[in-house]
Amino acid sequence: MRAREAELAAKLRALGSTEGPNYPDIRATKRALAALRGQIAAETGRLITADRMRAAAAAARVKSLKAELAAVRDRAAAQSVRAAPLARLEEERTAESDLLRAQTEQIGTLESHSALTRPDARIIAAATRPLQPSGPRSAAILSGAVLLGLCLGVLAALLADSLNGSFRSGGQVREALELPCMALLPEVGRRERRGLSVPDYARRYPFSAFAEQIRALRTGLWLAPGAPRSLAVTAARPGEGKTTLAVSLALSVAASGARVLVIDCDIRQPSFDMIFGLGGLPGLTDHLAGRATLEAAIHRPALEEGGSLPDVMPAGAVATEALALFMSDRLGRLMAELHGRYDLVVLDLPPVFALAEAQLLARAAAATLLCIRWGQTPRRTVAAALALLDQGGLRLAGAALTRVDGPRHARSGFPDSELYHPRYGGYFRL
């Protein structure tokens with residue numbers, strides 16, 4: 001009947017997909033399906049009634065069996081209560097018999113062993129209890145660990161030194177680049193500067209180690225054959241300290257009474273406006289482009305306390321035609337006029353790899369000084385920068401190691417590390 005119902009339902013779905021609801025076959029099929037479902041319901045009810053009757057009979061049978069089981073359990077419990085003392089006595093007798101048998105066998109075994117064997121050792125004296133453990137030997141292990149750590153530290157330091165591809169002494173600069181290293185400028189931290197900029201710190205504390213290295217740079221330039229009237233200061237990468245060196249050198253020379261001009265040639269990232277507080281005044285590019293006279297492009301910063309400051313020419317407005325301005329003869333005429341006015345002209349150039357203008361500006365100066373950051377700038381980068389500078393046939397006055405870590409350099413063992421040894425502390429004071 002279920003199978004027939006499924007067939008009629010499938011036939012009805014098939015007809016419904018193609019014919020309307022009043023189609024004769026659909027109506028007939030619906031009537032047959034309804035009649036068949038009525039028969040199924042009647043048959044199902046009959047079966048359910050029969051099953052319920054059988055279930056009631058089975059429940060009555062279960063109830064009677066449970067009552068018989070309860071009676072049997074009651075009788076068994078009464079019998080077990082009466083038999084429990086006897087069973088317990090029987091178990092105790094069996095256990096005592098087994099124990100007696102085991103002890104008898106053990107006594108026989110011990111008697112046979114004592115008769116056949118004799119002891120090979122005897123106690124002469126009782127052992128004394130140690131006052132401290134015999135191991136581990138903490139002192140020896142600790143000493144060995146310290147010695148091993150020192151050896152590994154020395155090996156790591158030697159390995160790091162051999163893998164360090166930067167310059168960490170003036171001797172390395174002279175050997176690798178064949179250039180004189182004119183100064184090793186120490187890194188001056190914020191705490192030591194006490195809120196001052198590095199150039200102001202060198203001017204305020206003329207007997208500091210930084211100011212002494214600036215004077216060493218001046219001495220090297222003065223002792224060189226044909227002391228330059230103009231000096232271009234550049235570096236291979238940003239952050240080498242070239243601007244600090246250029247401004248500090250100009251301040252040091254100006255303090256001796258010489259006429260000095262320092263020019264900010266880094267037109268993309270000028271810094272003189274912040275250092276000297278010029279506030280965006282006209283400068284180098286404005287003069288070369290004809291928008292400002294030379295007098296308008298040169299500024300003299302105000303100095304609160306007594307002393308001398310160099311004249312300053314800021315970078316000026318950022319010009320898209322800056323390369324053309326530097327390639328024109330205007331730059332040469334400007335430098336010729338400045339050589340007639342000043343004893344020293346210092347040009348703060350952009351990094352060699354940053355702008356192509358660096359080579360043109362360096363060529364306008366009489367000599368070029370390359371700044372190399374101590375322990376940071378890779379040698380291959382410095383060599384590539386020198387190759388770019390050599391393309392223009394420039395005169396390289398030398399190099400300067402900047403931002404030197406004094407305490408680390410004093411422990412390095414290089415010959416010029418003597419500069420930062422504590423024994424020279426009396427020569428440098430704030």
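In this predicted model, L347 touches L231, A232, V233, I263, C265, M335, L361 and A365, leaving out residues up to four places away in sequence. L347 also belongs to the largest nonpolar core, a set of 48 residues. Within that core, the residues with the most contacts are I263, L338, L347 and L401, so I263 appears both in this group and among the residues touched by L347. Apart from this core lies another one, made up of 38 residues, among them M182, Y201, I214 and A400. As a general background to such groupings, nonpolar side chains in soluble globular proteins tend to be buried together.

The strands offer a convenient next stop. An open sheet is formed by 7 strands, which follow one another in the order β1-β7-β6-β2-β5-β3-β4 with parallel pairing. Its edges are β1, covering residues 181-186, and β4, covering residues 311-313, and each of these strands pairs on one side only. On average, and with direction ignored, neighbouring strands of the sheet are turned by 20° against each other. At the β4 edge, the partner is strand β3 (residues 260-264), and the two pair in the parallel sense over 3 bridges. Here V262 stands opposite V312 in β4. The span given for β3, residues 260-264, takes in I263, one of the residues with the most contacts inside the largest nonpolar core.

The cysteines can be described briefly. The structure holds 0 disulfides. For C181, the nearest cysteine sulfur is that of C371, 10 Å away, and C181 is in no disulfide; a sulfur pair would have to lie within 2.5 Å to count as one. C181 is buried, with a relative accessible area of 13%. C265 is likewise in no disulfide, and for this residue the nearest cysteine sulfur, again that of C371, is 14 Å away. With a relative accessibility of 2%, C265 counts as buried, and this cysteine is one of the residues that L347 touches.

Two further buried positions show how parts of the chain that are separated in sequence come together. P199 lies in helix α6, which runs over residues 198-204, and is buried at 6% relative accessibility. Once neighbours within four places in sequence are set aside, P199 is in contact with T244, V247, S248 and L251. In the same part of the chain, L249 is 50 residues from P199 in sequence, and the C-alpha atoms of the two are separated by 8.6 Å. S169, in turn, is placed in the loop between α3 (138-163) and α4 (170-177). Although it is a loop residue, S169 is buried, with a relative accessible area of 3%. Its contacts, again without neighbours within four places in sequence, are W374, L401, H409, F414 and D416. Among these, L401 is also one of the residues with the most contacts inside the largest nonpolar core.

Turning to charged side chains, the count comes to 17 salt bridges. One of them joins R93 to E90, with the closest N and O atoms 2.6 Å apart. Both residues lie in helix α2 (residues 24-116), 3 residues apart, or about one turn of the helix. R93 is partly exposed at 47% relative accessible area, and E90 is partly exposed as well, at 40%. Helix α2 contains a second example, in which the side chains of D98 and R101 meet in a salt bridge of 3.0 Å, N to O. D98 and R101 are 3 residues apart in this helix, and so about one helical turn separates them. The relative accessibility is 41% for D98, which counts as partly exposed, and 46% for R101, which falls into the partly exposed class too.

A further salt bridge is found in helix α13 (residues 329-341), where E337 and R341 are 4 residues apart, again about one helical turn. Their side chains meet at 3.2 Å, N to O. E337 is partly exposed, with 38% relative accessibility, and R341 is partly exposed at 29%. Elsewhere, salt bridges that share partners join R2, E5 and R37 into one network.

Conventions. Residues are numbered from 1 along each chain as its sequence is written. This is a predicted model: local features need pLDDT of at least 70, side-chain atom pairs count only at pLDDT 80 or more; totals for chains, interfaces and linings use all residues. Side-chain values use heavy atoms; hydrogens and water are left out. A salt bridge is a side-chain nitrogen of Lys or Arg within 4 Å of a carboxyl oxygen of Asp or Glu. Buried means under 20% relative accessible area, exposed over 50%, partly exposed in between (1.4 Å probe, protein chains only). A nonpolar core is a set of buried Ala, Val, Leu, Ile, Met, Phe, Trp, Tyr and Cys residues joined through side-chain atoms within 4.5 Å. Contact means heavy atoms within 4.5 Å. Two strands pair if DSSP finds at least two bridges between them. Axes are lines fitted to C-alpha atoms, for helices over the stretch in contact, and angles run from 0 to 180 degrees between N-to-C directions.
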